[in-house]
Amino acid sequence: MTYGVQVMADSAGVLPDFEIEALVASGAIRSTLALEPGQVQPASLDLRLAEDAYRLRASFLPGKDRAVADLLQDPGIRLHRIDLTDKGAVLETGCVYLVPLQESLRLPAGLAARANPKSSTGRIDVFTRLVTNRGKAFDEVPTAYSGPLYLEVSPRTFPIMVRPGDRLAQLRFKRKKPDTLKEKVVSIDLEPPAGQPAGYRAKPHSGVVDLRGIGAHEVSQFWEPVYPKNGRIVLNPEEFYILVSRETVKVAPDEAAEMAPIAPELGEFRAHYAGFFDPGFGMNKDGSRAVLEVRSRDVPFILEHGQPVAKLIYEPMSARPKALYGGQGSNYQGQGLKLSKHFGS
C-alpha cells in the first residue's frame, strides 16, 4: 500500500502511525527530547512526563483565555513543586498532581486529539486526565490547538514512583469527526475455570508501585483473588477490581475502538479507565478479551455472570497503519484475566 499525500490530506478518521510520524516531522507534534522507540503506537502517541510535578489543592480546568502555567502561580491552586529527576518521586494516593509533558502540539486546522490513560495505568487504578491551555474539557484537544500539554495524575489505590519519561497516557488524533462504525456491548465473565479466580480486588495500604518495575511486584502483596458464588460477586463501594469480559474483542486493521468509561444505564460503577483499542487488537488466533478496571460508586453493587458492563465504540482509521497491535510484541495481546505488567505472573 502507498501512504500518500491524498490519504493524509482528505481521509476522515483516526490517524495511523505513519501520519503521526509525519506530524512529528512537520513540527505539529513537538518534544523536548526525541521520540523513543515504541512511543508511536498503531493509532496513538504515548505521552511522557517531564521533570516537574505540582501538587494541587484541587483539580481544575483553565477555561477560556487562561494558560495553565499562569494558574500554577496561584497559591490557591498550587501547593508545591516536586522534582522528578534523580531518583524520581512518589505520588501519593488521595492527592491530585499536575505534570507538564515533554510533548507539545501545533495542530493544523481540522485536526483534533483525545487522550486516555494507557492500559497499564488504568490497571493500577491511577486516574489521569489531559489538560490544555484554555481547556474547557479534560482529555480533549481542540482542532488547531497550539501549546503545551499537562497531565493530571491522581493515584487512587497504590502510591506510584514516577520519573521523567514515564508514560501514563496516550493521545489519539482525529481528522474531522469520524462516523461511528458500530457499537459492541461487553459483559462480565464470572464463571472462571474450576479453582481459578474471576478477578482481583486491590488491597489498600499495600505499598508503592514503581512504574519501571516491570514484573517486579508480588501479586499477593497488592491483590486478593475474587471467587464468585453462583456466578455472582458484590462490589464494595469505592474498592477497585480487575475483571475480564466474557466476549473476545477484535479490532480490524482499518478501525479503532474506544470503550466508554461509564454507561450509566448499565450500573452504578465505572467499568474502564483506559479505553483505547488499537487496530489489530484481538486479531491473534484465539482472540483477546477486554480487561475491565471496575470501581463501584456509592453503594454495594451486585454483578452477575453475563451482565453487560461497558460499550465499545468503533471508528474508522483514516488509513491502515504500518504496524498493527501486537505485531512487535505486546503485554496484552491474547489476554484473558491479566493484571498490569508491573506484577509477576
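**Close-up 1. The second largest pocket takes in about 360 Å³ of space.** This is a predicted model, and the pocket view starts with the lining. Eighteen residues line the second largest pocket, and those nearest its centre are Arg 114, Lys 174, Lys 177, Pro 178 and Glu 315. Sorted by type, the lining splits into eight nonpolar, seven charged and three polar residues.

**Close-up 2. Strands that feed the lining of the second largest pocket.** Look for strand S8 (111-117), strand S10 (140-141), strand S20 (255-259) and strand S25 (308-316): each of them gives at least two residues to the lining. Which strand supplies the largest share? That would be S8, with four residues.

**Close-up 3. Ala 109, in the loop between strands S7 and S8.** Here we step back along the chain to the loop that links strand S7 (96-106) with S8, where Ala 109 sits. Is Ala 109 buried or exposed? With a relative accessibility of 72%, Ala 109 is over the 50% cut-off and so counts as exposed. Setting aside neighbours within four places in sequence, Ala 109 still touches Thr 143 and Ala 144. For a sense of scale, pick out Pro 279 too: Pro 279 is 170 residues away from Ala 109 along the chain, and their C-alpha atoms are 25 Å apart.

**Close-up 4. An open sheet of three strands, in the order S6-S12-S16.** The pairing in this sheet is mixed. Strand S6 (89-91) and strand S16 (209-210) are the edge strands; each has a single partner strand, so one side of each has no neighbour in the sheet. Now zoom in on strand S12 (residues 160-162) and S16, which run parallel and are joined by two bridges. Across that pair, Ile 160 faces Val 209 of S16. Strands of a sheet pair through backbone hydrogen bonds, in either a parallel or an antiparallel way.

**Close-up 5. The largest nonpolar core, built from 48 residues.** Ile 160 turns up again here, listed with Leu 105, Leu 130, Leu 171, Phe 173 and Trp 223 as the residues with the most contacts inside this core. Phe 173 makes a good spot to centre the view: beyond its neighbours within four places in sequence, its contacts include Gly 13, Val 14, Leu 15, Ile 20, Leu 23, Ile 29 and Leu 45. Also among the contacts of Phe 173 are Leu 105, Leu 107, Leu 111, Ala 112 and Ala 113. There is a second, separate core as well, with 25 residues, among them Ile 188, Val 249, Met 259 and Leu 303. In soluble globular proteins, nonpolar side chains tend to be buried together.

Note on methods. Residues numbered from 1 in each chain as written. Predicted model: local features only at pLDDT ≥ 70, side-chain atom pairs only at ≥ 80, totals over all residues. Heavy atoms only, no water. 1 Å grid on protein atoms, 1.4 Å probe; cavity = no way out; pocket = protein on both sides within 12 Å on 5 of 7 lines; lining within 4 Å. Points joined across faces, edges and corners; volume = space filled by probe spheres on them. Nonpolar A, V, L, I, M, F, W, Y, C, P; charged D, E, K, R; others polar. Buried < 20%, exposed > 50% of the residue type's maximum accessible area, 1.4 Å probe, protein only. Contact = heavy atoms within 4.5 Å. Pairing = 2+ DSSP bridges. Core = buried A, V, L, I, M, F, W, Y, C linked by side-chain atoms within 4.5 Å.
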